[in-house]
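Trainee: I have a new model open. Can you walk me through how to read it?

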Amino acid sequence: MGSGEGMKLSIEYVKLFYKINWALLFYVNQKYPVIKNLKEPMFKDMPPLNIISIYKNLISHIELIDSFVSENTLNFTQEELEIIKSWKNYIQSKFLIMAYLRDYTVFMTISREQKVYGVLGLYDKIRDVIPPFMPQYVETILLPFRAKIIYCGYIYSYNVQIDDNLRRDIQEEYQKARRKFGIITSLDKPASGGIRK
């Protein structure tokens, strides 16, 4: 399996992500129902707001990851279970998308101490999923995935006009965060000061 194709995951890894991600969301929905009468872990045509509500339930009850892994009713491999366990190191935040580099899209947190993350797309490059202008305000959940960072599959962009003064300030903060922390490309260990909601 290839680990990546530039700015997005390889197709094999995208399929693996959705297989285990949907199984976990299905499990969470069974415990805290958002979608009634859901019979199988298939979310392809579900309204995004419903999926986001399930994610919110997961984040509010993050211990469900441990119970899902320990029950392992779907007989996932140890490697697959380790990926799921790593999702406890998620980062949920509003971000600014700052740049599209060769290997990833650069996200910067909006917080007291900004950090910059290199994030891979899933089926599509992130630049093909959201409006093209930058910096761009978005909201999503970042997840670790095999020593890379991906997003949860749902990303919300805000149509905010950024004037030249604010753009300069944002660029300064971006350069400062890059100098201090570099571009973080793995969440396998919790980043100090990581944002949890």
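Mentor: Start with the secondary structure. This is a predicted model, and the protein in it has five helices and seven strands.

Trainee: In what order do the elements run from the N terminus on?

Mentor: Read them along the chain. The order is α-α-α-α-β-β-β-β-β-β-α-β.

Trainee: What radius of gyration does the protein have, and what would a compact globule have?

Mentor: Compare the model with the rule for its length. With 197 residues, a compact globule would come near 16 Å. The protein has 17 Å, which agrees. Along its principal axes, the C-alpha trace spans about 50 × 30 × 30 Å.

Trainee: How do I read the contacts along the chain?

Mentor: Look at sequence separation. Take the contacts in the protein with a separation of 6 or more. Residues 24 or more positions apart account for 66% of them.

Trainee: Now the surface. What share of the accessible surface belongs to carbon and sulfur atoms?

Mentor: The accessible surface comes to about 10500 Å². Carbon and sulfur atoms hold 50% of that.

Trainee: And how far apart are the mean positions of the positive and negative charges?

Mentor: Find the mean position of each sign, then the distance between the two. The protein has 27 positive and 21 negative charges, and their mean positions are 2 Å apart.

Trainee: Let's go inside. What percentage of the residues is buried?

Mentor: Buried means under 20% relative accessible area. By that cut-off, buried residues make up 46% of the 197 residues.

Trainee: Which residues touch the most other members of the largest nonpolar core?

Mentor: That core has 69 residues. Those with the most touches to other members are F17, F43, I84, W87, F107, L142 and F145. Helix α1, residues 11-31, gives the most to this core, with 13 residues.

Trainee: Pick one of them. What does F145 touch beyond its sequence neighbours?

Mentor: Leave out residues up to four places away in sequence. F145 then touches L9, Y13, L16, F17, I83, W87 and I150.

Trainee: L9 is on that list. Is L9 buried or exposed?

Mentor: L9 sits in the segment before α1. It counts as buried because its relative accessibility is 2%. You can also set L9 against S186, a residue 177 positions apart from it along the chain. Their C-alpha atoms are separated by 14 Å.

Trainee: Show me another pair that is separated in sequence.

Mentor: Try I59, in helix α2, residues 48-60. I59 has a relative accessible area of 13%, so it is buried. I59 and Y90 are 31 residues apart along the chain, with 8.9 Å between their C-alpha atoms.

Trainee: What about K176? Where is K176 placed?

Mentor: K176 belongs to helix α5, residues 164-181. At 46% relative accessibility, K176 is partly exposed. Its pair is K115, 61 residues apart in sequence and 9.3 Å apart in space, C-alpha to C-alpha.

Trainee: Loops next. What does L101 touch?

Mentor: Place the residue first. L101 is in the loop between β1, residues 91-100, and β2, residues 105-109. It counts as partly exposed, at 30% relative accessibility. Not counting residues up to four places away in sequence, L101 touches M7, V106 and I183. L101 and V119 are 18 residues apart in sequence, and their C-alpha atoms are 10.0 Å apart.

Trainee: Now the backbone. Which peptide bond is cis?

Mentor: Check the omega angle. The bond from M134 to P135 is cis, with omega near -5°. P135 lies in the loop between β3, residues 116-119, and β4, residues 136-145.

Trainee: And phi? What is the phi of N75?

Mentor: Look at the sign and the residue type. N75 has a positive phi of about 55°, although it is not a glycine. You will find N75 in the loop between α3, residues 64-71, and α4, residues 78-86. N75 is exposed, with a relative accessible area of 65%.

Trainee: Where is A147 found?

Mentor: A147 is in the loop between β4 and β5, residues 148-151. Its phi is near 70°, a positive value in a residue other than glycine. A147 is partly exposed, with a relative accessible area of 43%.

How values were computed:
Residues numbered from 1 in each chain as written. Predicted model: local features only at pLDDT ≥ 70, side-chain atom pairs only at ≥ 80, totals over all residues. Heavy atoms only, no water. Helix = DSSP H or I, 4+ residues; strand = E, 2+ residues; numbered from the N terminus. Rg over C-alpha atoms; globule rule 2.2 N^0.38 Å. Buried < 20%, exposed > 50% of the residue type's maximum accessible area, 1.4 Å probe, protein only. Contact = heavy atoms within 4.5 Å. Areas by Shrake-Rupley, 256 points an atom, 1.4 Å probe, with all protein chains shown as cover. Lys, Arg positive; Asp, Glu negative; His and termini not counted. Charge placed at Lys NZ, Arg CZ, Asp CG, Glu CD. Core = buried A, V, L, I, M, F, W, Y, C linked by side-chain atoms within 4.5 Å.
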